[in-house]
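Colleague: Please choose one place in this model for a close look, and then work outwards from that place to the rest of the assembly. I would like a single connected account rather than a list.

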Amino acid sequence: MSYQNNLPDKNGHFGVYGGIFVAETLMQPLEELRQAYEHYMQDADFIAELDKDLQHFVGRPSALYYASRWSSHLGGAQIYLKREDLNHTGAHKINNTVGQAILAKRMGKKRIIAETGAGQHGVATATVAARFGMDCVIYMGSEDIKRQAINVYRMRLLGAEVRAVESGSKTLKDALNEAMRDWVTNIDNTFYIIGTVAGPHPYPAMVRDFQAIIGREAREQLQAQANCLPDVLIACVGGGSNAMGLFYPFLEDESVAMYGVEAAGDGIETGHHAAPLCAGKTGVLHGNRTYLMSNEDGQIIETHSISAGLDYPGVGPEHAWLKDTGRVSYVSITDQEALTAFHELTRMEGIMPALESSHALAYCQKLAPTLDKDKIIVVNLSGRGDKDIHTVATLEGIEI
Amino acid sequence: MNRLNNCFEKLRADKRKALIPFITAGDPSPKFTEPMMHALVDAGADIIELGIPFSDPMADGPVIQRASERALAAGTSLEIVLNIVKSFRATNQTTPIVLMGYLNPIEIMGYAQFAQQAQTVGVDGVLIVDLPPEEMGDFQPLLQAHDIAPIFLVAPTTTSERIKKIAAKSAGYLYYVSIKGVTGSANLDISAVADKVAEIRQYTNLPIGVGFGIKNAQIATQIAKISDAVIVGSAIVQRIETENPDKLLETIPAFLRELRQAMDKI
């Protein structure tokens, strides 16, 4: 199908999704942010500074790795892995935090805030705040703080203040609420670095644009290695930033099929999952209209996934739009399937993937054998799995 | 004609300023709310803002967040909030009721069904914190068709251009948020509020209410001098949380009466 790649519109809408659903105090600051972002994305000096940091601080370009053993083991399509796990801080998150921090600097903001669930975005934010000498406050649900002690310590080592959020379910969505409350209170000196392609306009477009380097590189690298376009792209979807980053530069290429993989947790049928696109309904949360997990009264319900990075009741509005238009297929993978893929890639290729990325790998494991050997799949290996070894060990009854 | 317009007309004639208490419906339990509403009216409330509890109240400080949590834990839903208004109206047909909340519960119920039911039970205005005028879409004409006033916030950050846009879509009154922050935040700056209220008046004849950070009779009096309505939320909700649960129908109205008396002296 043909797809016109020109969204969002000037009000931040992707079809009926996206937009700006915030309290009045934030309307003008969001407008200032939109203007700054649109200005600097055209500014050669800004782009040069961003490119330099992506190269020398983040370590880009990240490799596109041909997983030959795993491909022949599965016996179908040839699998390439986009190695975002090799970035500084171990995941794709830093592509965006570097971009937003440079933007904050240009806007004269000296204080950075962010929300985090597993702590990956918090670490990536604390890292750039240290790099640019900015004050940094990270909001994190008190439940997540207990589960992610190492990342909490890592953020503190980097000089960030980690504030525990005790409201609601004490997880990522509540940390996001609290970061919004901080922003509204300290609007004059503070820049809020949202970590995914959600939130009010311009965040979904801005985060996508900072992450789109993943897809642009993958395109060039595959051209150089195999002299073709990929047939299939696969990426996991929590909020959806790594998936948007990979998909976006290919949206107009009709021959490229795309799969976004949500967390099915204990299984969609159990209700214990984090798959709003596969099993939710549309609504409004955190500044945008999108697919959500809410009950019949419109209250947001708790989600479950083995992977903290996918454990979020909403999803970026552009994914909602891509689902409705049919351009991207959204599927889901259970905790158990993701764990199996985690082990398989670790043993087969010597690469330990994050549990988030393991969802994308698990879907690849299902799909690859059904495709011919001349087909090419690119999977976004969005982060490394070192952070998850305690989770994996505990599930297997091993004490480290 | 809408009860809100009648109310402000009468206040103007009497040279009084409106006192608008906010409570979260269903806090601490749904059966508590209707008697409290009547008690607030007896203590001098001109209008009541009734909060629809939501799981993720992004614009609220900890006091109203906890009220939302208590109300939801007690089983309060949007349906129940509308029923509370319905039973209140059985014995009070004059005091305007404004529902205040977040969009998702209303969106899940459906705009048309909500507007129709709200009118039927006797709701007069709706303030949806996370729904700016730009995103109103079909909801604006639906509210108008059902004689429900869309009430919007104006903030310290709102430009004069936006004030005009917001005023054009508003009815009932405009709600000026006195501070950059969440509900129940720290101290407001009276002279800055006075300046902004004067600025808003250049663009609208609608009454202007001021809320966020009004904690006591002294601040209420100062705000009454420079605006048309004093909105008090967290200071009441905090008392609902901390005072003797068996005496709330006495202590809460006593606090409101204190504000009323101070305001009526100006």
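**A buried loop residue and its surroundings**

Modeller: B:F212 has a relative accessible area of 9% and therefore counts as buried, a value to be read with the caution due to a predicted model. The residue sits in the loop of chain B that runs between β8 (208-211) and α10 (217-226), and its phi is positive, near 80°, although B:F212 is not a glycine. Chain A offers a parallel case in A:T89, another non-glycine residue with a positive phi, here about 70°. A:T89 is placed in the loop between β4 (78-83) and α4 (93-106) of chain A, and because its relative accessible area is 18%, A:T89 also counts as buried, the cut-off being under 20%.

Staying with chain B, helix α2 (residues 30-42) shows how an element is set into its surroundings: B:F32, B:T33, B:M36, B:M37, B:H38, B:A39 and B:L40 are its buried residues. These residues of α2(B) pack against strands β1 (18-24), β2 (48-51) and β3 (97-101), and against helices α4 (78-91), α11 (234-242) and α12 (248-264), of chain B. After α2(B) comes B:G44, with a positive phi near 115°. Elsewhere in chain B, the side chains of B:E199 and B:K196 form a salt bridge, 3.4 Å from N to O, and since the two residues lie 3 positions apart in helix α9 (residues 190-201), about one helical turn separates them. In general, an α-helix has 3.6 residues a turn, so residues three or four places apart point the same way. B:K196 is buried at 11% relative accessibility, while B:E199 is partly exposed at 21%.

The next step outwards is the interface, where 38 residues of chain B and 39 residues of chain A are in contact. The two chains bury about 2900 Å² between them, 51% of which comes from carbon and sulfur atoms. On the chain B side, the residues that lose the most area to chain A are B:M58, B:E135 and B:K180, which together give 23% of what that side buries. B:K180 also forms a salt bridge with A:D188, at 3.0 Å from N to O, and the interface has 4 salt bridges. With both partners at pLDDT 80 or more, 21 residue pairs are in polar contact between chain B and chain A. The elements of chain B that each supply at least two residues to the side touching chain A are α3 (62-73), α5 (103-109), β6 (153-154) and α8 (160-169). Of that side, α5(B) gives the most, with 5 residues, and the residues of the side divide into 20 nonpolar, 9 polar and 9 charged.

Across the interface lies chain A, whose secondary structure comprises 16 helices and 15 strands. Its radius of gyration is 19 Å, close to the 21 Å of the globule rule for 400 residues, so chain A is as compact as a globular protein of that length. The C-alpha trace spans about 55 × 50 × 45 Å along the principal axes of chain A, and 65% of the 400 residues are buried.

Chain A also has loops that merit a look. A:A198, buried at 4% relative accessible area, lies in the loop between β8 (190-192) and α9 (203-211). Beyond its neighbours within four places in sequence, A:A198 contacts A:Y203, A:P204, A:N288, A:G316 and A:P317. A:P202 is found in the loop between β8 and α9 of chain A as well, and the peptide bond that reaches A:P202 from A:H201 is cis, with omega near 15°. A further cis peptide bond joins A:R60 and A:P61, with omega about 0°, and A:P61 is in the loop between α2 (44-58) and β3 (64-66) of chain A.

Helix α2 of chain A leads to the charged pairs. A:E49 and A:K105 form a salt bridge whose closest N and O atoms are 2.5 Å apart; because A:E49 lies in α2 and A:K105 in α4 of chain A, this pair ties together parts 56 residues apart in sequence. A:K105 is partly exposed, at 39% relative accessibility, and A:E49 and A:K105 belong to a network of salt bridges with A:D43, A:D45 and A:R106. By contrast, A:K387 and A:D388, whose side chains meet in a salt bridge of 2.9 Å, are both buried.

Technical notes:
Residues numbered from 1 in each chain as written. Chains lettered and ligands numbered in written order. Heavy atoms only, no water. Contact = heavy atoms within 4.5 Å. Buried area = accessible area lost by both parts, 1.4 Å probe. Polar contact = N/O pair within 3.5 Å; in protein donor to acceptor, adjacent residues only side chain to side chain. Helix = DSSP H or I, 4+ residues; strand = E, 2+ residues; numbered from the N terminus. Nonpolar A, V, L, I, M, F, W, Y, C, P; charged D, E, K, R; others polar. Rg over C-alpha atoms; globule rule 2.2 N^0.38 Å. Buried < 20%, exposed > 50% of the residue type's maximum accessible area, 1.4 Å probe, protein only.
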